[in-house]
Amino acid sequence: MSADYPTPSILLVEDDQMDVMNVQRELRRQNIDVPLIHARNGRDALKMLRGEGGETKIARPSLVMLDINMPRMNGLELLEVLRSDPEFVGLNVFIMTTSDLESDRLKAQELAVSGYIIKPLSFDKFGEGGTSVDGFSLFLDLLRLKN
């Protein structure tokens, strides 16, 4: 365990409660037991990461799972802010979206996203088109945090 990640955790930035429950269920199915911190939109996530607006600053997450389509600040806008902030530039960020728009995918790649997951989230679907097996392998490694 590196000193950067004293307590492994995942920050899930998602406005749809059904998708939050799907992620929780898939993590349980994979026996991945790390704290899942939930933010409803990009602004809430930034407040938590920076400890602003009355929010307690959370420990730097091991990885971020980020929905693209959210109110107030969407996932790509949040990713732009994170990539321009020296404290968060290196965060492992996985985009989750129902959109398979090439423009979204290209924008995410420009912003050095770690992976791109088409919802509904199911690890069983990795490698069957959409997300690459390498992306899935990296995702699982990060989730397991090299225990």
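A polar contact is a pair of N or O atoms within 3.5 Å; within protein, one must be able to donate a hydrogen and the other to accept it, and residues adjacent in sequence count only if both atoms are side-chain atoms. The model is predicted: local features need pLDDT of at least 70, side-chain atom pairs count only at pLDDT 80 or more, and totals for chains, interfaces and linings use all residues. Residues are numbered from 1 along each chain as its sequence is written, and side-chain values use heavy atoms, with hydrogens and water left out.

**Exercise 1. Describe the ends of helix 2 and the packing of its buried residues.**

Step 1. Helices (H or I, at least four residues) and strands (E, at least two) are DSSP runs, numbered from the N terminus. At the N-terminal end of helix 2, Asn41 acts as the cap, with a side-chain oxygen 3.0 Å from the backbone nitrogen of Arg43.

Step 2. After helix 2 comes Gly51, which has a positive phi near 70°.

Step 3. Buried means under 20% relative accessible area, exposed over 50%, and partly exposed in between (1.4 Å probe, protein chains only). The buried residues of helix 2 include Gly42, Asp44, Ala45 and Leu46, along with Met48 and Leu49. Strand 1 (10-13), strand 2 (36-39) and helix 3 are what the buried residues of this helix pack against.

**Exercise 2. Locate the salt bridges of Arg72, Asp85 and Lys107, and give the exposure of each partner.**

Step 1. A salt bridge is a side-chain nitrogen of Lys or Arg within 4 Å of a carboxyl oxygen of Asp or Glu. Side chains of opposite charge can pair when their charged atoms come close. The whole structure holds 6 salt bridges.

Step 2. Arg72 pairs with Asp44 at 3.8 Å, N to O. Arg72 is in the loop between strand 3 and helix 3 (75-83), while Asp44 is in helix 2 (residues 42-50), 28 residues apart. Arg72 is partly exposed, at 49% relative accessible area, whereas Asp44 is buried at 13%.

Step 3. Between Asp85 and Arg50 the closest N and O atoms are 3.0 Å apart. Because Asp85 lies in the loop between helix 3 and strand 4 (93-97) and Arg50 in helix 2, this pair ties together parts 35 residues apart in sequence. Asp85 is buried, at 12%; Arg50 is partly exposed, at 30%.

Step 4. Lys107 and Glu80 form a salt bridge of 3.8 Å, N to O. Lys107 belongs to helix 4 (residues 102-110) and Glu80 to helix 3, 27 residues apart. Both are partly exposed, Lys107 at 27% and Glu80 at 39%.

Step 5. Through shared partners, salt bridges join Arg40, Asp44 and Arg72 into one network.

**Exercise 3. Is Asp67 buried or exposed, and which residues does Asp67 touch?**

Step 1. Asp67 is found in strand 3 (residues 63-67) and is buried, with a relative accessible area of 2%.

Step 2. Contact means heavy atoms within 4.5 Å. Leaving out residues up to four places away in sequence, Asp67 touches Val13, Glu14, Asp15, Gly75, Met96, Thr97 and Lys119.

Step 3. An unreviewed UniProt entry annotates Asp67 as "modified residue: 4-aspartylphosphate". UniProt positions are given in the numbering used here, feature names are shortened, and annotations may be inferred rather than shown by experiment.
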